[in-house]
Amino acid sequence: MRRVKGSRYPKSVGCALLAGAVLVPAVAGADSQVRATMWAIFDGLRSLLEISATPDGFYDPVNRERILTASRGIQGEGRVLGLHVSSDPGAEVLGGMMSRQALKIGRLFEHGRIAEARSLTHGLTELCIACHTRLASQGDSPVAAQFIASDTVRELPPAERATIQIATRRFDEGLDTLSSVLRSPQLPAERIERLLKRYLLVSIRVASEYDDPITILEHLRGRADLEASLRDAIPAWIRSLRTVRRDGASGQELEVAVALIGDSAPSVVDPDKLIDYIVASGLLHRLPRSEVSGARLARVYYLLGFTEHRVGGPYWLPQVEAFLERAILTDPGSETARRAYDLLAERIYEAFTGPDGIGVPDDVAEWLTRLNGLATGA
Ligand code: HEC
């Protein structure tokens, strides 16, 4: 089924790619630069994934230059990307992180730490996904079509294939792959939650699709071995999917988001509200930043941090912290800034003092003290 509605891609882009022609920006406008950057980033990732697909690929001297060129390419383009998206602290920090991660891959590789370099390559795809799944898509990109159809990707286990499909903006294919994984009786119960959350995020936020997830959730409910926490939450998720407002709430994104998640931040996570958090975060991501300022903008940043925190992406992605920091800087001394600081501090202390905790490093502690001063207006 085609879920991602409409397409702004002219047919010729796909044809040019199939013919192996040199790419020229096909879509003019404000985002053409971002997309040219993306082609280069995609090219780098494709090289790294192709080489890492065989166990010896990263060790074969024949591939050395290609690996170094690819990681340098992603490193440079990730930095450029940060410059285009500075109104969006989440994207800015993800672009910066992608750049640093690529730098690390190149350095580890040069120092002969090949296995580590190879495993970081796969971490890169989480950064692509975190950025691409924030907004609704108007059509799958043709850029990665050939790569997705190649043996490198087709031969991957389905869950990994879905990761690459989503990372390269082949959302329809990614959703199809994930939904067949989730329907498979062979899927071990302990792997359901992570894959299901990703499936829900892409369905709702990217594809604006609410009915297919209901079918999947109904199916999963029938599994006798489902983890208790999921069994308890699924009925509420189905109810939310049935009743949630689906029209995009143009002009009222903030109000509708607040109505969904409540205005005060409950300190206890409410798993029943996952769908509401996903829908609300989608609305807030979509709200054009140029249309809000001052206290209202700070609230948007705070709620973006809060909802992303609740949706719970990979813990090492720093976008939640970036949104909360920006909320404090945008409206220092306000109630919003204080709430943002409280959540930020909670996350930082948890990250550094958890079971493997090493304590909060001095520079992070200093940064927190400075933000606390701004938040409280001291
Ligand atoms: C900081 C955010 C961000 C990160 C990180 C990111 N992208 Fe993108 N990407 C974008 C944006 C924005 C677009 C344009 C989306 C649109 O056209 O609506 C895009 C578009 C694309 C496209 C489609 C280009 C086209 O012309 O159709 C591909 C392919 C792509 N990205 C691949 C990747 C890969 C692979 C990675 C990870 C290695 C990645 N991106 C990381 C923001 C990001």
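I take two residues to be in contact if their C-beta atoms, placed from the backbone, lie within 7 Å. With that in hand I went through this predicted model and noted what I looked up.

**Entry 1, Ala327 and the core.** I asked which residues Ala327 touches once those up to four places away in sequence are not counted. I found Ala298, Tyr301, Tyr302, Gly305, Thr336, Ala337 and Ala340. I then turned to the largest nonpolar core, which holds 84 residues, and saw that Ala327 is listed with Ala257, Leu324 and Ala340 as touching the most other members.

**Entry 2, helix H17.** Two of the partners of Ala327, namely Ala337 and Ala340, led me to helix H17, which runs over residues 335–353. I noted that H17 has 19 residues and reaches 27 Å from its first C-alpha to its last, close to the 27 Å expected at 1.5 Å a residue. Its buried residues are Thr336, Ala337, Arg339, Ala340, Tyr341, Leu343 and Leu344, and their cover includes helix H15 (294–311), helix H16 (319–330) and helix H18 (362–376). I kept in mind that residues three or four places apart on an α-helix point the same way, because there are 3.6 residues a turn.

**Entry 3, the ligand shell.** I next asked which of the 24 residues around the ligand come nearest, and I wrote down Met38, Gly95, Cys128, Cys131 and Ser141. Helix H2 (32–52), helix H4 (89–110) and helix H5 (114–132) each supply at least two residues of this shell, with the largest share, six residues, coming from H2. Sorted by class, the shell has 17 nonpolar, four polar and three charged residues.

**Entry 4, Thr125.** Staying with helix H5, I looked up Thr125, which is found there, and asked whether Thr125 is buried or partly exposed. I count Thr125 as partly exposed because 18 other C-beta atoms lie within 10 Å, while buried would need 20 or more. Leaving aside neighbours within four places in sequence, I found Thr125 in contact with Thr163, Ile164 and Ala167; Thr125 and Ile164 are 39 residues apart in sequence but 6.9 Å apart in space, C-alpha to C-alpha.

**Entry 5, the whole chain.** I recorded 18 helices and zero strands, and 38% of the 378 residues count as buried. Among contacts between residues at least 6 apart in sequence, 65% join residues at least 24 apart.

**Entry 6, confidence.** The chain averages a pLDDT of 86, and 88% of the residues score at least 70. Over residues 10–30, however, I saw that pLDDT stays under 50, and for this stretch the model has 19 contacts beyond four places in sequence.

Terms used:
Residues are numbered from 1 along each chain as its sequence is written. This is a predicted model: local features need pLDDT of at least 70, side-chain atom pairs count only at pLDDT 80 or more; totals for chains, interfaces and linings use all residues. A nonpolar core is a set of buried Ala, Val, Leu, Ile, Met, Phe, Trp, Tyr and Cys residues joined through C-beta atoms within 7 Å. A residue is buried if 20 or more other C-beta atoms lie within 10 Å of its own, exposed if 12 or fewer, and partly exposed in between; C-beta atoms are placed from the backbone. pLDDT is the predictor's confidence in each residue, from 0 to 100. A residue is near a molecule or strand if its C-beta atom, placed from the backbone, lies within 6 Å of it. Ala, Val, Leu, Ile, Met, Phe, Trp, Tyr, Cys and Pro count as nonpolar, Asp, Glu, Lys and Arg as charged, and the others, Gly among them, as polar. The expected span of a helix is 1.5 Å times one less than its number of residues.
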